[in-house]
Amino acid sequence: MRDERLLGVLASSGDGRVSADWEAAGESERARDPYDASVGYGLAVAFGTGAEPMWQLTLNAALDLWP
């Protein structure tokens, strides 16, 4: 996001690859530049995308303890 406007959505299927779905820039809006893409991809790679929800992680951990 920039100036509270969505630039795009980054996603990962868990295989180490990141894909992006960029929003189209309107006529009055500043177009995206390479800086936007590099920051987006850098953050997605560094912190990950598409993580499982916390409730699912908790359930999986509890089920792993069950004999």
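Contact, as the word is used here, means heavy atoms within 4.5 Å. Helices (H or I, at least four residues) and strands (E, at least two) are DSSP runs, numbered from the N terminus. The model is predicted, with local features needing pLDDT of at least 70, side-chain atom pairs counting only at pLDDT 80 or more, and totals for chains, interfaces and linings using all residues. Residues are numbered from 1 along each chain as its sequence is written, and side-chain values use heavy atoms, with hydrogens and water left out.

**Helix H1**
- Helix H1 covers residues 34–47, and its end C-alpha atoms lie 20 Å apart, which agrees with the 20 Å expected for 14 residues at 1.5 Å a residue (the expected span is 1.5 Å times one less than the number of residues).
- Asp36, Gly40 and Ala44 of H1 are buried, whereas Pro34, Tyr35, Val45 and Ala46 on the other side are exposed (buried means under 20% relative accessible area, exposed over 50%, partly exposed in between, with a 1.4 Å probe and protein chains only).
- Strand E1 (8–12) and strand E2 (18–22) are among the elements that cover the buried residues of H1.

**Val9 in strand E1**
- Val9, which has its place in strand E1, counts as partly exposed because its relative accessibility is 45%.
- Val9 touches Ser19, Ala20 and Asp21, leaving aside residues up to four places away in sequence.
- Although Val9 and Asp21 are 12 residues apart in sequence, they are 5.2 Å apart in space, C-alpha to C-alpha.
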